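Let's take a walk through a protein chain together, one piece at a time. Have a look at the picture first, then read on.

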Amino acid sequence: MGTVSERLLLASVGENKLPSDWSSDGRHLFYRPLTPEGGYDVWDLPLDEIGDPSGDPFPVVQTEFDERNGQFSPDGNWVAYQSNESGRFEVYVRPFPGPGTARQVSSDGGAQVRWRSDGKELFYVALDGMLMSVSIEISDDGQMLERRVPVRLFPTRIDGAAQGYERQQYIVSPDGQSFLMNTFPEAYEMPITVLLNRDPGSL
């Protein structure tokens, strides 16, 4: 197997940037720059057929709120992301590159969204650390998206910190039946020993 040298795709002085997803055709790269207010937006960097920048980056989701971790749908026509515009992080989906209205697909909080490989199901981590599933339906013309009620799958042990991680802490198999996750080990309690009537000088 050959090796490929690193090459700079995007440079901007004083701006903290973090990539979040690459489109399936390799022509777009989502990243999130840190805003002056301390939040994030979702931006896209267009690329050519060999992976070099082919145009100026542009905002995909840019508001006064904090938007993170944009994820391309498998067909590249939608972006799923998390935003705290409601006062807490929830998962939203909107057309890419737009225009179009954002639709909330999570309920009671959500972050770290992932698509199933056929685009018909979304996964995300709820505030209590539970992995959630949402069935997605897209109209024949590809313009209208409908979502079903989120379903609880299993606890991830990612806990509430799932909302603040820099990137997703899990990946999904193409059929949506298997998951590989970074998790905390099982919690355990250290025993506490209380010493009574002991000379402090002997400790």
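What follows is a short tour of this chain, from the overall make-up to strands, rings and one serine.

## The big picture

Keep in mind that this is a predicted model. How many helices and strands does the chain have? The count is zero helices and 15 strands. The chain runs to 203 residues, and 39% of them are buried. On the outside, the accessible surface comes to about 12200 Å², with 52% of that belonging to carbon and sulfur atoms. You can also ask how far along the sequence the contacts reach: of the contacts between residues at least 6 apart in sequence, 39% join residues at least 24 apart.

## Strands side by side

Start at the beginning of the chain, with β1 (residues 17-22) and β2 (residues 28-33). These two strands run antiparallel and are joined by five bridges. If you want to spot one of the pairings, look for Lys17, whose bridge partner in β2 is Pro33. Together β1 and β2 make a hairpin with five residues between them, and in the turn sits Gly26, with a positive phi of about 75°.

Further along there's a sheet to trace. Which strands form it, and in what order? It is an open sheet of four strands, ordered β5-β6-β7-β8, with antiparallel pairing. β5 (67-72) and β8 stand at the edges with a single partner strand each, so one side of each has no neighbour in the sheet.

Here is how the pairings in that sheet line up, with an example of residues that face each other where there is one to show:

| Strand pair | Bridges | Example of facing residues |
|---|---|---|
| β5 and β6 | four bridges | Phe72 and Val79 |
| β6 and β7 | six bridges | Ser83 and Glu90 |
| β7 and β8 | two bridges | Tyr92 and Gln104 |

β6 covers residues 78-83, and the turn that follows leads into β7. These two strands form a hairpin with six residues between them, and Gly87 in that turn has a positive phi of about 105°. β7 itself (residues 90-95) is mostly covered, with five of its six residues buried. On its way out of the hairpin, β7 also pairs with β8 (residues 103-104) in the antiparallel sense.

## Rings that meet

Now for the aromatic side chains. The structure holds seven aromatic pairs. One of them is Phe123 with Phe179, an edge-to-face pair with 5.2 Å from centre to centre and 80° between the planes. Why does this pair tie together parts that are 56 residues apart in sequence? Phe123 belongs to strand β10 (residues 121-125) while Phe179 belongs to strand β15 (residues 179-181), so the link spans those 56 residues.

Are these two rings' residues buried or partly exposed? Phe123 has 1% relative accessibility, so it counts as buried. Phe179, at 24%, counts as partly exposed.

Phe179 has another ring partner, Phe154. Their ring centres are 5.6 Å apart and their planes are at 70°, so this pair is edge-to-face. Phe154 is in strand β13 (residues 151-155) and Phe179 is in β15, so the pair ties together parts 25 residues apart in sequence. Phe154 is partly exposed, with a relative accessible area of 29%.

Elsewhere, ring pairs link Phe30, Phe58, Phe72 and Phe96 into a cluster. You may remember Phe72 from the table, where it is the bridge partner of Val79.

Rings can have charged company as well. The charged end of Arg32 sits over the ring of Tyr40, 4.1 Å from the ring's centre. Arg114 lies over the face of Tyr170, at 6.0 Å from the ring centre.

## A close look at Ser133

Let's finish with a single residue. Ser133 lies in strand β11 (residues 130-138). At 6% relative accessibility, it counts as buried, because the cut-off for buried is under 20%.

Which residues does Ser133 touch, leaving aside its neighbours within four places in sequence? The contacts are Glu121, Leu122, Phe123, Val149, Pro150, Val151 and Leu153. With Glu121, the side chain of Ser133 makes a polar contact of 2.3 Å. Phe123, which you met among the rings, is 10 residues from Ser133 in sequence, and their C-alpha atoms are 4.6 Å apart in space.

Methods:
Residues are numbered from 1 along each chain as its sequence is written. Side-chain values use heavy atoms; hydrogens and water are left out. Rings of Phe, Tyr and Trp (its six-membered ring) pair if their centres lie within 6.5 Å; planes under 30 degrees apart count as stacked, over 60 as edge-to-face and the rest as tilted. Buried means under 20% relative accessible area, exposed over 50%, partly exposed in between (1.4 Å probe, protein chains only). A charge sits over a ring if NZ of Lys or CZ of Arg is within 6 Å of the ring centre and within 35 degrees of the ring normal. Contact means heavy atoms within 4.5 Å. Accessible areas come from the Shrake-Rupley method with a 1.4 Å probe; for residues, only the protein chains shown count as cover. Two strands pair if DSSP finds at least two bridges between them. A polar contact is a pair of N or O atoms within 3.5 Å; within protein, one must be able to donate a hydrogen and the other to accept it, and residues adjacent in sequence count only if both atoms are side-chain atoms.
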